[in-house]
Amino acid sequence: MRSRRPYVASILAAALLLASLSVGSTAERKAGQQSGPAALFVVYGTQPANAYMVPFVIVEGGQFKQPIAGDSDADEITRFTDAYYSRGKKYRVLFGGGEAGSLTVKKSNKDEECTRTSADVALQSTAKLNRNVMALATDSASFGGARSTRRSPTAAERAALMPLVRAAFKEKGTPAALLPSLATVNLTALDLDGDGKAELVGSFVARKTGRGAARYPLFLFAEPQGNSYRTTVLQYERFTSKDIMSGADLTAIENGVYIERLVDALDLDGDGALEVVTQRDGLEGDGYYIYKKQGGTWKQVYEFANYRCGF
């Protein structure tokens with residue numbers, strides 16, 4: 001009988017070669033992701049034909065760089081819009097870290113005073129957007145690609161979280177009598193670390209009406225802990241009419257103004273875990289943030305303010 005050793009050796013050699021090619025291709029993808037600039041945009045819209053996109057970060061060499069803002073120099077805005085907003089230009093749409101279709105640029109809004117960094121787009125996506133559900137778009141071929149982990153929370157997940165939310169409001173000093181008025185602006189389930197268990201990201205507001213009216217917005221990340229959750233990121237504020245711009249309506253806070261909200265989550269550095277992108281609407285502009293888990297702790301690693309126009 002012929003010895004099987006040469007045959008086994010050849011199989012092992014082939015396996016090692018394939019493994020090295022696989023590792024090489026992964027490294028190349030990561031290198032490609034980091035070598036050239038990649039633009040990321042927030043996609044807004046309630047109707048696919050009337051959506052729009054706004055840039056919030058340029059990723060280059062593993063670094064987060066700020067794009068144009070509404071108060072950028074006019075020539076700088078023109079260079080950006082010429083590069084990114086030519087009519088018919090297509091972008092990949094990502095949702096929950098996964099592929100979710102595409103969009104096509106219809107026109108730049110650079111000549112519109114309050115929307116000069118945006119472009120109107122036609123959206124061809126499986127993501128169902130509304131005021132509090134946004135997606136991401138990119139010109140990068142490397143970001144995303146995995147299946148989306150983003151979904152609405154189950155009734156059980158919501159029920160398990162809400163005691164934690166109410167406790168956070170009380171701890172921060174919200175009058176207990178206002179807790180029955182607690183409203184959920186948005187609550188989303190996402191598997192951020194790929195362990196098969198969903199974290200929850202939510203925005204909430206309690207309100208006092210009548211004399212001395214006030215709004216108490218709260219934003220948090222929560223991760224599973226047994227049959228409950230523990231808070232890993234918490235932002236809380238209190239607003240009265242004196243705290244916001246003259247002429248503004250406190251009820252706007254219930255629609256997301258002055259409240260930090262989830263935009264989406266995406267693996268930006270190729271480590272298999274998702275970073276979280278959030279937004280905070282203002283009356284003259286918007287803030288955008290990126291959170292990353294480092295050493296077991298969520299940290300805000302990027303901030304960008306996009307001025308729009310005077311209120």
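This tour moves through a predicted model, from the whole chain to its nonpolar cores, one helix and one lysine.

**The whole chain**

Begin with the complete chain in a cartoon view, where three helices and 16 strands can be traced. Colouring by burial will mark 44% of the 311 residues as buried. Switching to a surface display shows the exposed area, about 15500 Å², of which carbon and sulfur atoms supply 51%. As for the contact pattern, among contacts between residues at least 6 apart in sequence, 55% join residues at least 24 apart.

**The largest nonpolar core**

Next select F41, M53, Y84, Y85, Y91, L103 and L129, the residues with the most contacts inside the largest nonpolar core, which has 25 residues. To see the elements that surround this selection, add β1 (38–44), β2 (51–60), α2 (74–84), β4 (90–95), β5 (98–108), β6 (119–125) and β7 (135–138); each of them supplies at least two residues of the core.

Centre the view on L103. Residues up to four places away in sequence aside, L103 touches V43, M53, K89, K90, Y91, V93, V121, A122, L123, Q124 and A137. A second core, separate from the one just visited, consists of 21 residues, among them V42, V57, L136 and F143.

**Helix α3**

Now select residues 155–171, which form helix α3. The distance between its end C-alpha atoms is 25 Å, in agreement with the 24 Å that its 17 residues should span at 1.5 Å a residue. Look along the helix for a kink of about 25° at L161, shortly before the proline P163.

Showing side chains for E157, L161, M162, V165, A168 and F169 picks out the buried residues of α3. What do these residues pack against? Displaying β8 (183–190), β9 (199–208), β10 (214–225) and β11 (228–236) gives the answer, as the buried residues of the helix pack against these four strands. Before leaving, step to G173, just after α3, where phi is positive at about 105°.

**K292 in strand β15**

Finish by selecting residues 285–294, strand β15, and within that strand K292. Is this lysine buried or exposed? K292 counts as buried because its relative accessible area is 16%, below the 20% cut-off for burial. Expand the selection to its contacts: with neighbours within four places in sequence left aside, K292 is in contact with D269, D271, E275, T297, W298, K299 and V301.

Terms used. Residues numbered from 1 in each chain as written. Predicted model: local features only at pLDDT ≥ 70, side-chain atom pairs only at ≥ 80, totals over all residues. Heavy atoms only, no water. Buried < 20%, exposed > 50% of the residue type's maximum accessible area, 1.4 Å probe, protein only. Contact = heavy atoms within 4.5 Å. Areas by Shrake-Rupley, 256 points an atom, 1.4 Å probe, with all protein chains shown as cover. Core = buried A, V, L, I, M, F, W, Y, C linked by side-chain atoms within 4.5 Å. Expected span 1.5 Å × (residues − 1). Bend = angle between axes of the 7 residues up to and from the residue.
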